[in-house]
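Me: Please take a close look at one helix packing contact in this structure. I would also like to hear about any backbone angles that stand out.

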Amino acid sequence: MKIINLDYSRVVGLLFKGASLLYRMESFKGLSNNEVEELYKEFGYNEIPMGKVLSGKDIFFNQFKNTMVYILGLAMILSLVLQKYSHVGIIFIIISIVITLGFVQEYKANKEMNALKKMLVPNSVVIRNGKKEIVLSKDIVPGDIVFLTSGDKVPADGVVLKQTKFEVNESAITGESEPVKKNIYEIEDEKTFIDSSLVVDKNRVFMSSYVTQGNAYVKIMHTGKNTEFGKIANLMQNQDKDVAGNLVNKVVTKFTKFALLMVFLTIVLLLIQAYFSHQYDLFHYLFVEKEIFMILTLALALLVSGIPEGLPVVVTISLAKGMKRMSSKNAIVNKMNSLHDLGKVSFICSDKTGTITKNEMTVKHFYFNGKSYKVDGTGYNNSGSILEKSRKVTYEEIDLFIDAISLCNDAELKVSTDKMVVSDENTSYYDIMGSSTEASLLVLANKAQVRTTDLKYKFERLEEAPFSSERKMMSVLCNYPLREKLKKLFNNNEEVILVNEEYVRKEEKTIFLKGGIDVILKYCNRFYIDNEIKELSDIYREHIKERVELLTDKRYRVLGIAMREDNSKRDLEDLEKENLIFLGYVAIIDPPRQEVKKSIKVAHDAGIKVMMITGDNVNTARAIAKEVGILSDDNKYRVIEGDQLLEMSDEELYDIVEDIRVCARAKPEHKLRIVNALQKRSHVVAMTGDGVNDSPALKKADIGVAIGSGTEVAKEASDIILKDDDFSTIVLAIEEGRHIFENLQKFSSYQLSCNLSQLIVIFLSIVFQLPVLLTAIQILFMNLVTDDMPAISLALNSQSRDIMTWKPKKREDGLFSKELGAVFVVSGLLMTVFTFLVFYSIYNTGLGNLTIARTLALITMIFMQVLFAFSFRSFRKPFFKMKLTTNKWLLRLGSLSLLLTGLVVFTPINSLFEVMKVPIDSLLIPLVYAIIGLILLDIAKIYFMRDFYKEGKKED
């Protein structure tokens with residue numbers, strides 16, 4: 001094919017050299033490895049640059065844009081005016097430390113975030129070297145042939161070469177939410193070359209749109225920034241740009257307003273004080289003696305101390321580390337802001353297949369031609385035989401059934417070299433591409449010694465009606481000589497009498513169907529038994545249903561298989577519901593994961609309810625739910641079907657939704673109704689999903705959980721992606737979410753209590769007409785050494801052992817509940833009162849001068865801040881019941897804070913910080929006050945937090 005008028009003429013030369021100039025529509029071979037490598041060199045990764053990637057240099061210079069650095073810089077200028085050159089040096093050192101710490105923290109957080117984002121890179125199915133392969137979407141190059149199916153995200157711009165009922169949602173490009181039907185780009189013959197002027201939107205697909213129905217083979221024309229989506233990429237914004245904003249900005253904003261008010265009142269009071277004490281020489285006092293600069297320097301120091309500027313950064317670091325821990329447990333966080341709600345989850349709505357079960361579908365029984373067959377072996381390998389009673393069965397006896405399940409199938413098996421067992425050379429282990437259910441049918445065919453790829457090649461598929469959650473079945477029209485096959489089954493007896501006269505005519509086209517057994521039986525009026533086609537009587541229909549019910553009670557999933565001749569030109573979806581011949585059924589087992597039962601118990605102990613939502617038969621769903629502990633034997637909770645849900649009003653569903661534990665025969669829209677009802681009940685809901693139709697429920701849920709093996713659309717709509725598809729990973733993620741949320745509360749409340757105490761203690765000293773209790777340089781020292789370091793270590797606090805026995809937090813709970821707010825206010829007031837008492841008593845009783853009073857007051861506040869940090873490790877346990885080693889980082893940084901305080905007080909540099917060496921025994925005063933304050937804080941914790949943590953209600 002020749003390509004005319006394309007923008008990328010260089011692609012043409014690379015793609016269609018020599019013999020590859022001719023491209024046969026019926027034979028998709030794709031690019032070779034050498035062509036891919038050459039094209040990659042030309043066009044690079046198939047990626048959209050979403051803004052500048054921050055380098056270490058960028059992060060370093062961004063530290064100078066920090067509000068705290070601006071304030072400290074202004075304080076340094078004022079110190080120069082006051083000719084306090086020692087203060088200038090100290091402030092410069094503090095600025096250097098702030099910039100260094102900020103750089104190290106943000107660089108690590110940025111590095112961890114980028115590493116986590118790489119885990120979210122989507123995959124695509126391409127044809128290369130004549131075979132289907134799964135590759136990273138970013139590795140796709142122009143000229144690749146991509147296979148797209150329902151739920152896939154279109155990886156790049158391309159033209160449709162072959163399609164089956166193919167529809168695409170292009171809202172990301174056009175803004176229109178209605179799916180768009182796509183047509184094949186017609187090629188008249190082999191010598192026709194592609195003309196880009198004929199490639200219009202109706203036969204093109206665009207990057208970032210997604211497939212809503214059907215499947216297609218698409219030839220990629222443009223990648224990366226050259227796509228239509230790439231042209232508007234500069235309008236895209238990173239959804240996690242303000243990661244910490246939603247979590248702490250409200251708190252920071254409120255506290256900043258309070259700090260600004262306190263600083264403003266402090267300045268006003270100092271000016272009023274100056275007016276009354278220096279009424280006649282006020283100008284000289286303020287400007288000649290430079291007292292106004294002293295006041296402003298103090299105000300700036302209070303701003304540095306009072307505004308929790310570093311809190312969002314610490315939050316981001318904490319979340320990034322939490323995300324890293326979660327990724328090691330196979331839970332990839334897609335949207336960081338969701339971590340705020342993860343620890344509050346009170347209801348998990350989980351799919352069954354692959355999440356609660358292993359997703360290792362294995363056919364163990366099937367029914368065909370009036371006989372029951374048993375299948376040996378488990379998993380995706382060809383080990384095992386097909387037995388009828390104890391006799392080994394050959395393909396020739398069951399070929400019609402094997403043909404049906406192989407042709408009505410979109411999955412593919414690929415022999416895996418990674419899973420080969422040396423001692424078992426005759427066994428082939430498979431990697432699957434496509435549905436695990438369909439893969440199990442191909443494994444069954446392989447056990448019958450059939451190459452399913454040969455069948456698909458021999459009996460060409462002419463048309464397909466793909467499986468959908470609404471139809472619950474799939475059908476294909478094939479060039480299949482049904483009558484010849486029937487003659488063979490009748491031992492070549494030409495005198496065959498069939499129920500339907502249509503069979504007398506030789507018919508080459510056949511429709512095969514598979515789907516839910518109840519759906520298939522509904523449309524069948526004939527069945528194949530004892531090598532004859534008979535009318536399907538009600539008695540036999542009930543017989544089949546009874547057999548199926550016995551299997552579903554034993555937790556088998558049962559699929560019905562049917563067929564019919566095709567001698568008309570009507571639409572396949574019309575024909576598939578008329579005059580079907582019931583061939584039989586397959587019973588597939590998907591055993592529960594071993595660890596799921598334990599995880600469900602952990603969830604129940606944590607006060608988290610679990611609901612299983614599945615498309616399976618109600619009996620199968622009930623059996624699995626009982627086995628894993630979702631349902632109890634006392635039938636305490638409800639099991640409903642999707643149809644029952646449709647008959648309920650929203651009010652009726654609201655009344656019973658908390659009692660539902662299993663929803664069988666469910667459709668995606670049922671999930672959305674369940675989420676809405678639970679949220680109205682004030683539950684925080686985690687909902688799993690894997691299909692394109694699950695995306696509304698995933699978006700609506702507080703925590704959308706996508707299955708790793710699911711569609712790209714579901715992953716994009718979700719907050720968390722399970723790499724291993726395992727239900728237990730959801731519980732581990734919630735546990736980690738609780739850990740993250742608790743640590744956020746601990747370090748945030750601690751730091752704010754320190755900020756509160758420093759603001760109020762200065763304000764009180766002025767109100768009581770005393771000298772300013774702490775100088776600007778002392779405030780800056782304390783803010784850096786005893787506020788920030790312990791606060792950062794609290795963000796790394798280890799997880800409480802009993803964290804999964806607490807009841808879930810309420811939906812309306814923010815970062816600070818009323819109880820926690822009371823605790824940090826009490827903590828701040830205790831530090832304020834005892835520090836002020838030390839200063840007031842020493843200054844007014846003549847035990848020492850102003851410098852001694854300030855020194856001991858400073859030591860008192862530092863002692864209290866360090867001890868209180870150890871108390872903030874737990875909101876339930878008192879300080880004396882916790883081991884000091886439960887947070888080794890706090891032990892190290894707390895010790896460092898005390899060591900640096902000792903250096904400032906007891907070495908010659910004390911004059912720089914306006915303190916003086918005091919007798920060792922005088923340290924008993926601040927130590928005693930700090931211990932008394934610690935005891936009172938523990939009492940306040942126990943009182944205010946008595947109802948905050950409760951043991952979860954155990955179910956079943």
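Reply: What follows covers one pair of packed helices and then two loop residues. The model is a predicted one.

Two packed helices are described by the angle between their axes and the distance between the axes. For helix 20 (residues 596-605) and helix 27 (residues 727-767), the angle is about 30° and the axes lie 9 Å apart. The two helices cross in a left-handed sense. On the side of helix 20, the contact is made by Val596, Ser599, Ile600, Val602 and Ala603. Helix 27 contributes Phe727, Ser728 and Val731. By residue type, the contact of helix 20 with helix 27 has six nonpolar and two polar residues, and no charged ones.

Now the backbone angles. Asn369 has a phi near 60°, which is a positive value in a residue other than glycine. Asn369 sits in the loop that joins strand 10 (362-368) to strand 11 (371-375). Its relative accessible area is 9%, and because buried means under 20%, Asn369 counts as buried.

Arg555 is not a glycine either, and its phi is positive, at about 65°. Arg555 is located in the loop between helix 18 (538-553) and strand 21 (557-565). With a relative accessible area of 21%, Arg555 is classed as partly exposed, since the buried class ends at 20% and the exposed class begins over 50%. To put the two loop residues side by side, Asn369 is buried, whereas Arg555 is partly exposed.

Notes
Residues are numbered from 1 along each chain as its sequence is written. This is a predicted model: local features need pLDDT of at least 70, side-chain atom pairs count only at pLDDT 80 or more; totals for chains, interfaces and linings use all residues. Side-chain values use heavy atoms; hydrogens and water are left out. Axes are lines fitted to C-alpha atoms, for helices over the stretch in contact, and angles run from 0 to 180 degrees between N-to-C directions. Helices (H or I, at least four residues) and strands (E, at least two) are DSSP runs, numbered from the N terminus. A crossing is left-handed if the near helix is turned anticlockwise from the far one by less than a right angle, and right-handed if clockwise. Contact means heavy atoms within 4.5 Å. Ala, Val, Leu, Ile, Met, Phe, Trp, Tyr, Cys and Pro count as nonpolar, Asp, Glu, Lys and Arg as charged, and the others, Gly among them, as polar. Buried means under 20% relative accessible area, exposed over 50%, partly exposed in between (1.4 Å probe, protein chains only).
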